Amino acid sequence: MVVSNRLPVDRVTAHDGTPSWKPSPGGLVTALEPVMRRNHGAWIGWTGVADDPIEPFESDGLRLFPLTLSEQEVEQYYEGFSNDTLWPLYHDVIAQPKYAREWWEAYSRVNERFADRAAEVAEQDGTVWVQDYQLQLVPRLLRERRPDLTIGFFNHIPFPAYGLYSQLPWRQQIVEGLLGADLIGFQRRADAGNFLRAVRRLFHMPTTHNRVELLPAGAGRWPNSGSEKPRSVVARHFPISIDTKAYVDLASSEAVRRRAEEIRHDLGDPSTIMLGVDRLDYTKGIGHRFTAYAELLAEGKLDVNDTVLMQVASPSRERVESYKALRDEIELTVGRVNGDYGTIRHSAISYLHHGYPREEMVAMFLAADIMLVTALRDGMNLVAKEYVASRVDDDGVLVLSEFAGAADELKQALLVNPHDIEGVKRAILHAVHMPRSERRQRMRALRARVVEHDVARWSQDFLDALAVIRPSASTRELAETD
Ligand code: F6P
């Protein structure tokens with residue numbers, strides 16, 4: 001069973017009032033959905049709409065258990081504590097986190113509700129996999145309610161260095177919450193290291209390699225959690241991936257290939273199409289990318305008559321102040337760059353503030369000579385992997401930020417520090433002028449990685465590790481009677 005903030009589908013209402021469902025945004029759902037469908041899994045999550053009670057239902061082999069959030073909970077737990085406190089804090093304070101006590105209280109209450117629902121729905125001795133920073137208190141709350149369960153947790157975003165994490169007024173409660181799990185997964189080795197350091201600093205608990213031996217209840221700074229038996233918790237990295245085959249299949253289809261040609265044609269058949277695809281989020285470094293590109297145009301190193309930057313910025317968290325400000329800033333920049341460098345025939349930036357179906361995204365990937373991923377901090381960045389998976393022609397160049405988790409694996413990309421604008425400009429020019437043989441060599445190596453390490457392997461690795469740490473109920477019973 002999966003417990004995540006959102007269900008894999010969001011509730012939408014058409015202008016005429018007809019309700020329907022559309023896929024939820026973000027990498028978490030993209031990654032987990034195929035795994036869950038294959039296993040006829042149960043999924044607890046929010047529908048994306050406030051005050052919208054919906055009965056459990058089945059969708060394409062998934063059993064969905066919607067959890068209702070009130071308008072106030074959406075404001076305080078989701079927009080507030082999750083996305084205006086934890087999100088900026090965990091992304092290296094790129095924006096200033098807000099520490100509001102009423103948001104923390106709402107976060108705790110909503111985490112309790114998720115834990116209550118999971119405790120009701122999970123089968124005896126089942127396995128529950130809790131997802132992401134919105135639900136960090138759930139592992140402990142669930143263990144208190146259902147000690148029979150095996151509990152995994154996966155953090156899709158970075159876990160910050162202790163120097164930053166220690167700002168959080170509720171730093172102790174969050175770590176305690178996570179330690180309710182048997183296995184805690186992170187994207188990068190460094191994230192797991194940061195978490196283990198927080199455990200040592202906050203609780204003086206011994207950690208060996210990637211394992212925490214929990215002190216007996218009430219010992220040291222560890223809270224008295226009743227009758228819980230001594231146990232250990234493993235924290236290590238499991239880099240998430242994508243359903244690679246689904247991208248390969250789409251990219252190999254005639255219809256998608258034709259659509260890619262159409263996109264190139266509609267953009268004026270330029271020699272170079274660069275592409276950015278992001279949720280409109282300040283962690284993604286969209287502005288840094290625009291600055292580098294605009295400077296190259298200004299210096300005459302790129303020419304708007306034969307180059308275009310297509311930027312898909314899908315709407316995200318639109319009621320949170322920092323996101324509103326970012327949208328204004330990005331759209332002002334697009335206007336300026338197009339005003340300064342565009343011609344009647346050619347825009348410098350083709351800016352699209354929409355989400356697109358996967359077929360269209362793959363057509364864009366195939367049409368793009370260069371993919372720009374310039375995140376300032378990113379747990380993984382699945383778009384980088386989606387681009388690589390879609391390049392069945394072994395062509396295209398990936399420019400990738402070293403601050404995205406994907407950089408640990410996709411080493412044949414052109415790795416950049418997005419704060420170093422000169423470095424980004426050099427990487428763009430390298431990509432524009434890269435000979436076909438070098439493009440092929442790099443792309444083949446990148447593809448080999450993404451083909452071998454797909455999302456099925458990610459989830460299998462995590463669940464296998466979980467089964468080793470906490471053997472199944474029947475094995476446990478045998479051990480106990482021995
Ligand atoms: O991976 C990070 C994440 O916050 C996921 O938890 C979430 O599904 C996705 O990004 C999209 O964000 P949101 O649910 O806030 O739209």
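**View 1. β17 and β18 pair side by side in a predicted model.** In β18, L414 is the bridge partner of V399. This view, like the others, comes from a predicted model. β17 and β18 run parallel, and three bridges join them. β17 is mostly covered, with five of its five residues buried. The cover is found on both faces. V397, V399 and S401 are buried on one side. L398 and L400 are buried on the other. In a regular strand, side chains alternate between the two faces of the sheet.

**View 2. β16 pairs with β17 in the parallel sense.** Four bridges hold this pairing. I370 of β16 stands opposite V397 in β17. Between the two strands, the chain passes through helix α13, residues 382–390. This β-α-β crossover is right-handed. 

**View 3. Six strands form an open sheet with parallel pairing.** Their order is β15-β14-β13-β16-β17-β18. β15 (349–352) and β18 (414–416) stand at the edges. Each edge strand has a single partner, so one of its sides is left without a neighbour in the sheet. From one strand to the next, the twist averages 20 degrees. Strands of a sheet pair through backbone hydrogen bonds, either parallel or antiparallel.

**View 4. β13 and β16 meet within the six-strand sheet.** β13 covers residues 272–279, and β16 covers residues 370–373. The two strands run parallel and are joined by two bridges. L275 stands opposite M371 in β16. Helix α12, residues 358–367, packs on the sheet. α12 touches β13, β14 (307–314) and β16. The direction of α12 makes about 145 degrees with that of β13.

**View 5. Helix α14 lies across four strands, β13, β16, β17 and β18.** The helix spans residues 421–433. β17, one of the strands it lies across, covers 397–401. α14 runs at about 170 degrees to β18.

**View 6. Helices α8 and α12 cross.** α8 spans residues 244–252. The two axes come within 9 Å and cross at roughly 70 degrees. That angle makes α8 roughly perpendicular to α12. On the α8 side, the contact holds A246, Y247, L250 and A251. These meet R358, E359, V362 and L366 in α12. Six residues of the contact are nonpolar, none is polar and two are charged.

**View 7. Ten strands form an open sheet with mixed pairing.** The order is β5-β6-β4-β1-β7-β8-β9-β12-β11-β10. The edge strands are β5 (57–59) and β10 (207–208), and each pairs on one side only. β5 pairs with strand β6, residues 62–67, in the antiparallel sense. Three bridges make up this pairing. F57 stands opposite L64 in β6.

**View 8. β7 sits between β1 and β8 in the ten-strand order.** β7 covers residues 127–131. Four of its five residues are buried, so the strand is largely enclosed by the rest of the structure. Strand β1, residues 2–6, runs parallel to β7 and is joined to it by two bridges. Here V2 stands opposite W129 in β7. Strand β8, residues 150–154, also runs parallel to β7, with five bridges between them. V130 stands opposite F153 in β8. The chain crosses from β7 to β8 through helix α4, residues 138–145. This β-α-β crossover is right-handed.

**View 9. H204 and R317 have positive phi values.** Most residues other than glycine have a negative phi. Phi of H204 is near 50 degrees. H204 is in the loop between α7 (189–203) and β10. With a relative accessible area of 52%, H204 is exposed. R317 has a phi of about 45 degrees. R317 is found in the loop between β14 and α11. With a relative accessible area of 14%, R317 is buried.

**View 10. I344 is an exposed loop residue.** I344 is placed in the loop between α11 (321–341) and β15. Its relative accessibility is 92%. I344 and F195 are 149 residues apart along the chain. Their C-alpha atoms are separated by 53 Å.

Terms used: Residues are numbered from 1 along each chain as its sequence is written. This is a predicted model: local features need pLDDT of at least 70, side-chain atom pairs count only at pLDDT 80 or more; totals for chains, interfaces and linings use all residues. Side-chain values use heavy atoms; hydrogens and water are left out. Two strands pair if DSSP finds at least two bridges between them. Axes are lines fitted to C-alpha atoms, for helices over the stretch in contact, and angles run from 0 to 180 degrees between N-to-C directions. Contact means heavy atoms within 4.5 Å. Angles under 35 degrees count as roughly parallel, over 145 as roughly antiparallel, 65 to 115 as roughly perpendicular and the rest as oblique. Ala, Val, Leu, Ile, Met, Phe, Trp, Tyr, Cys and Pro count as nonpolar, Asp, Glu, Lys and Arg as charged, and the others, Gly among them, as polar. Buried means under 20% relative accessible area, exposed over 50%, partly exposed in between (1.4 Å probe, protein chains only). A crossover is right-handed if, with the strands pointing away from the viewer, the path from the first strand over the helix to the second runs clockwise.
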